Amino acid sequence: MDAVLPNFSDVLPPNIEVKTFPDGDSYVRILEPEKFRGKEATIYGRLWPEQNSRIFELILLARTMQKIGAQIEGAVIPYLPYSRQDKIFLEGEALSIDVLLMLMKESGIKKITTFDCHFIKSGAGEYERAGVKIRNISLSRKLVEKAKKEFSKNLITISPDEGAGYMAEKAMKKVRGGYAEGREAYRKIEKVEGVREVEGKDVLIIDDMISTGGTMVGALENVKKAGAKKVGVATVHAFFLKDSLQKIEGMTDYIISTNTIQNKYARINFFEELK
Ligand code: R5P
């Protein structure tokens, strides 16, 4: 028996009730507790949008599952919030991701499965942080494979910064196996500008997330300035905050993302990668 939160309803039928009282307090109820007693259970839930409420609901659920005698096998969290506060950049800052993981662990969630976790720069694999085991699945290859169908054979895949370099490197392996042997796929966007290597070519810019869109818009400007022919954008976690989607739509021929965050360009279903 698994515990499915309401915001996972696009992929699994929910069986946990979640409400917010008029004053903002959260309410969580396991609908059929007898089915969980003495059983192993995985929790499925998104922690974005409204991550602070979603995190607290997850903690309420995990503590209640323990109380009724369920054994928590782990949690599937498609996008892990606070993964960008993985370092102390300024003295006195909270190391938010470690606090979040610690809260999970203390509540009985000792293992999570997530996708293209921002602070794991090496891509897919099993990791451990703040006492929680993290299974990180990368959707970059799926994104590139699907996008490839929309472009010419000489598609160049690039990431806008080093952090997402593993995504383009994965694409490069695919390139070597197939259609453009010898071409270097990973390039920092700032290095693309001026060197004309994308002139007249199809280019796919891939990043782990598009949040305010500043990084992607800058990358698109550079690639277009350098003379790219057809330009596409691929991302795993598509927040498209503020007016970023409108801007990106105006600059691209193709957009693809996953449904770790629900949006109109979600063409890859993360849930299929769990099987
Ligand atoms: C940065 O390291 C990430 O890979 C993304 O490039 C970044 O977080 C995107 O943020 P924004 O859309 O706000 O530029």
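**Reading the labels on a predicted model**

Student: What makes Lys264 count as exposed?

Tutor: In this predicted model, Lys264 has a relative accessible area of 61%, and because the word exposed is kept for values over 50%, Lys264 is called exposed.

Student: Why is Glu249 called partly exposed?

Tutor: Glu249 has a relative accessible area of 29%, and since buried means under 20% and exposed means over 50%, with partly exposed in between, Glu249 is therefore partly exposed.

Student: How do you know that Glu249 and Lys264 form a salt bridge?

Tutor: The distance from N to O between the two side chains is 3.0 Å, and a salt bridge asks for a side-chain nitrogen of Lys or Arg within 4 Å of a carboxyl oxygen of Asp or Glu, so the pair of Glu249 and Lys264 qualifies.

Student: Where in the chain do these two partners lie?

Tutor: Glu249 is in helix α7, residues 244–249, while Lys264 is in the loop between β12 (254–258) and β13, and the pair links distant parts of the chain, 15 residues apart.

Student: What makes Glu17 and Arg29 a salt bridge?

Tutor: Their closest N and O atoms are 3.7 Å apart, and because the limit is within 4 Å, Glu17 and Arg29 are counted as a salt bridge. This pair, too, links distant parts of the chain, with Glu17 in strand β2 (residues 16–20) and Arg29 in strand β3 (residues 26–30), twelve residues apart.

Student: Are Glu17 and Arg29 buried, partly exposed or exposed?

Tutor: Glu17 has a relative accessible area of 24% and Arg29 has 39% relative accessibility, so, with buried under 20% and exposed over 50%, Glu17 is partly exposed and Arg29 is partly exposed as well.

Student: What ties together Lys142 and Glu273?

Tutor: Their side chains meet in a salt bridge, with 3.8 Å from N to O, which is accepted because the cut-off is within 4 Å. Lys142 lies in helix α3 (residues 140–148) and Glu273 in the segment after β13 (266–268), so the salt bridge ties together parts that are 131 residues apart in sequence. Lys142 is at 34% relative accessibility and Glu273 at 23%, so, with partly exposed lying between the 20% and 50% limits, Lys142 counts as partly exposed and so does Glu273.

Student: How many salt bridges does the structure hold?

Tutor: The structure holds eleven salt bridges.

Student: Why can Val99 belong to a surface patch?

Tutor: Val99, in helix α2 (residues 96–106), has a relative accessible area of 41%, and because a patch takes residues with over 30% relative accessible area, Val99 passes that step. Val99, Met102 and Leu103 form the nonpolar patch, with about 240 Å² of accessible area together.

Student: How do you know that Asp207 makes a polar contact with the ligand?

Tutor: An oxygen atom of the ligand is 2.5 Å from an N or O atom in the side chain of Asp207, and a polar contact is a pair of N or O atoms within 3.5 Å, so Asp207 meets the cut-off. A polar backbone atom of Ser211 is 2.8 Å from a ligand oxygen, and for Gly214 the value is 3.4 Å, again from a polar backbone atom. The protein covers 83% of the 370 Å² of accessible area that the ligand has on its own.

Student: Which element supplies the largest share of the shell around the ligand?

Tutor: The largest share, four residues, comes from β10, and by class the shell has two nonpolar, six polar and four charged residues.

Note on methods. Residues numbered from 1 in each chain as written. Predicted model: local features only at pLDDT ≥ 70, side-chain atom pairs only at ≥ 80, totals over all residues. Heavy atoms only, no water. Polar contact = N/O pair within 3.5 Å; in protein donor to acceptor, adjacent residues only side chain to side chain. Areas by Shrake-Rupley, 256 points an atom, 1.4 Å probe, with all protein chains shown as cover. Helix = DSSP H or I, 4+ residues; strand = E, 2+ residues; numbered from the N terminus. Nonpolar A, V, L, I, M, F, W, Y, C, P; charged D, E, K, R; others polar. Patch = residues over 30% accessible without salt bridge, like charges linked within 9 Å, V, L, I, M, F, W, Y side chains within 5 Å. Buried < 20%, exposed > 50% of the residue type's maximum accessible area, 1.4 Å probe, protein only.
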